[in-house]
Amino acid sequence: MQLNELKQVVAAAGVVGAGGAGFPTAVKIAAGADTLVINAAECEPLLHTDYAIMKTQLATMLAGAEAVIEAAGMQRGVLGIKKHNLPRLGLYDGQQVSAHVRVHALPDVYPMGDEIILVYETLGRVIAPGALPLTVGAIVSNAETLYNVARAMEGTAVYEKWVTIGGKVPQTMVVKVPVGMRVSELLEKCGVVVPADCVVVDGGPAMGPVIDPSTSFVKKTTKGITIYPRDIPAITGKLAQTRVINIHALSNCCQCTRCTDLCPRGLIGYPLQPHKVVRASMDMVEEMPHLFTGATSCSGCGVCELVACCQEISPRRVYAQVKGILAKNKLRYSGGAAPVDPDRDYRMVPSDRFARMIGVEQFESEPVLKLNSVMKASEITLLTRQHVGAPAVPCVQVGDVVEPGMVVAQANGMISANIHASVHGRVTAVSDSAVVIAPQY
Ligand code: SF4
Ligand code: SF4
């Protein structure tokens, strides 16, 4: 397929990045890169969704990758998979898995799915803070996204999602879910009862937000729904009040600098010095935001909070507030990166130690793959904002009968994405934020 044709097909199918914030894939596929970096790192502990795609749909995913490589005029693709996953998948480092794609074994460290880190690990190139991978000749795409590209080329839009159900559950599993299914119903159908002393997280334990399952719905970007006790280190920081976080940071930091020494992005030269930011009051940041623009480089990975700090301080949450103030002032970092730290290799955080330190190692188990059929939902709520950019605009009315794959909300501008019905049924409610469907099975 030619580049423009592929972009049109991918845009029509509503393909967005399945592994992150949901950047529209049609915008990402562009000329000017030499390498497609396929992100199958499965960054966080306890998630198995990329693994399930690779285990059962490798050929389809690679067809999507080859189509992107060919259309964008790239020379090659690298498939980034953590070392411990290679034997599980029957693959090896350097293996040529399709015409242009070979396997690249990634170190078993956290966070390896961060595209800045991934591009450095696979290509040895540092993307300048705030720049796109394209500026260093790379396009980064998640394995599930490329699977969706291949399906789009076959005429199927994105309306199903592969989701890991994990954490403190009777059985870890990967299931196929219609986009828009209520999370509480999904858990119930998977036999999961959430204990009173536990929380539900959208994604993995380190970066995923705590959600209310009764008011949350599966989105195109949902990788996993995971359950954890409230009192493990991965969760206590998420639940702490911002006021307490700030007082704690200002009063208890001993300036040991471990948070800065271990910051994964700082180690490749990004302008992050969390040990300094925790000493700044938010009043100071409000007054002189231009002194804190480096904060826009923070990925929110949480290594500073979950691994480095022995005082239970959260530089990550301090940085998150600084980023909010910068956004309000329309400020961002505009300089380059410093040289990569020569000690980087010795300061990376091994995945198994990370899982142990954040209290989730006890929940690790081999997943059961339940992928033969798509789960049935009693109601579907399709949010119009499941991607980066403008929300989609509903194009159906109450009472309309819809079929799987039918557009129910149209992309609103270039940075937006179509939303499709995920079931056969009747539309029962339409608003700017959602289209609700009563399925008819
Ligand atoms: S969350 Fe902490 S460790 Fe991660 S990038 Fe931000 S400052 Fe660095
Ligand atoms: S690791 Fe904790 S105590 Fe040490 S400098 Fe960072 S915030 Fe302060």
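## A tour from ligand 2 outwards

Begin by selecting ligand 2, which is surrounded by 15 residues, the closest being Cys-253, Cys-256, Cys-259, His-275 and Cys-309; a residue is placed in this shell if its C-beta atom, positioned from the backbone, lies within 6 Å of the molecule. The model is a predicted one, in which local features need pLDDT of at least 70 and side-chain atom pairs count only at pLDDT 80 or more, while totals for chains, interfaces and linings use all residues. For selections, residues are numbered from 1 along each chain as its sequence is written, and chains are lettered from A and ligands numbered from 1 in the order in which they are written.

Add helix 10 (258-262) and helix 11 (274-277), each of which supplies at least two residues of the shell around ligand 2; helices are DSSP runs of H or I with at least four residues, strands are runs of E with at least two, and both are numbered from the N terminus. Coloured by class, the shell around ligand 2 divides into ten nonpolar, four polar and one charged residue, where Ala, Val, Leu, Ile, Met, Phe, Trp, Tyr, Cys and Pro count as nonpolar, Asp, Glu, Lys and Arg as charged, and the others, Gly among them, as polar.

Next, colour the chain by domain: domain 1 covers 3-153, domain 2 covers 159-230 + 359-376, domain 3 covers 238-349 and domain 4 covers 378-441, with bounds taken from an automatic or database domain assignment. Between domain 1 and domain 3, whose centres over C-alpha atoms are separated by 28 Å, twelve residues of domain 1 are in contact with 17 residues of domain 3, contact meaning that C-beta atoms placed from the backbone lie within 7 Å. On the domain 1 side, strand 4 (109-110) and helix 5 (115-123) are the elements that give two or more residues, and helix 5 gives the most, with three. The residues on that side comprise ten nonpolar, one polar and one charged.

Then select strands 14, 16 and 17, which form an open antiparallel sheet in the order 14-16-17; strands pair if DSSP finds at least two bridges between them. The edges are strand 14 (393-394) and strand 17 (419-420), each pairing on one side only. Two bridges join strand 16 (residues 407-410) to strand 17, and Val-407 has His-420 as its bridge partner in strand 17.

Finally, zoom out to the whole chain, whose secondary structure comes to 16 helices and 19 strands. Its C-alpha atoms fill a box of roughly 60 × 50 × 45 Å along the principal axes.

Key: Contact = placed C-beta atoms within 7 Å.
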